Amino acid sequence: MERFDAYNTIGFGRFDEADKEDIKNVKLSPPEMGGFGGWWRYLSNVMSISPIPDGKMGEVPEGVLRLGGTFVVNGKDVVYQWNDKLPGDHPVPQEIFAEVIDANRIEV
């Protein structure tokens, strides 16, 4: 069994366990894949790059269910942390920059 102690310690959960109230206002937009051709390439390759163990087709690995996040680190200090609520939920980079620079948490 895989362990995800680091994920758990920093508060990253699994998207299948997300609180329904927390995700109601999450706005997701489809990624720019380069039109139909880009989507076709993605769909054609997704199985070969998916982390599915041999002989376990239909079983979703724990790592696929895990959510990630975004950090800004200054030396040994985490000056900004964002935990994704769903896959594809991420902060707007300009808002991160504004928050950490305006709050003098990091020098540019």
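How many helices and strands does the protein have? In the predicted model, the protein comprises five helices and two strands, and these elements follow one another from the N terminus in the order α-α-α-α-β-β-α. Four helical elements thus precede the two strands in this order, and one helical element follows them.

The two strands, β1 with residues 69–74 and β2 with residues 77–83, run antiparallel and are joined by six bridges. Within this pairing, glycine 69 stands opposite asparagine 83 of β2. Together β1 and β2 form a hairpin in which two residues lie between the strands, and glycine 75, located in the turn, adopts a positive phi of about 65°.

With regard to the surface, the protein exposes about 8,700 Å², of which 55% is supplied by carbon and sulfur atoms. A nonpolar surface patch of about 320 Å² is made by Ile10, Phe71, Val73 and Val78; of these residues, valine 78 is found in strand β2, whereas Phe71 and Val73 carry numbers that fall within the range 69–74 given for strand β1.

For the chain as a whole, which has 108 residues, buried residues make up 18%. Among the contacts in the protein with a separation of 6 or more, 56% are accounted for by residues 24 or more positions apart.

How values were computed
Residues are numbered from 1 along each chain as its sequence is written. This is a predicted model: local features need pLDDT of at least 70, side-chain atom pairs count only at pLDDT 80 or more; totals for chains, interfaces and linings use all residues. Side-chain values use heavy atoms; hydrogens and water are left out. Two strands pair if DSSP finds at least two bridges between them. Patches are made of residues with over 30% relative accessible area and no salt bridge: like charges are joined within 9 Å, nonpolar side chains (Val, Leu, Ile, Met, Phe, Trp, Tyr) within 5 Å. Accessible areas come from the Shrake-Rupley method with a 1.4 Å probe; for residues, only the protein chains shown count as cover. A salt bridge is a side-chain nitrogen of Lys or Arg within 4 Å of a carboxyl oxygen of Asp or Glu. Buried means under 20% relative accessible area, exposed over 50%, partly exposed in between (1.4 Å probe, protein chains only). Contact means heavy atoms within 4.5 Å.
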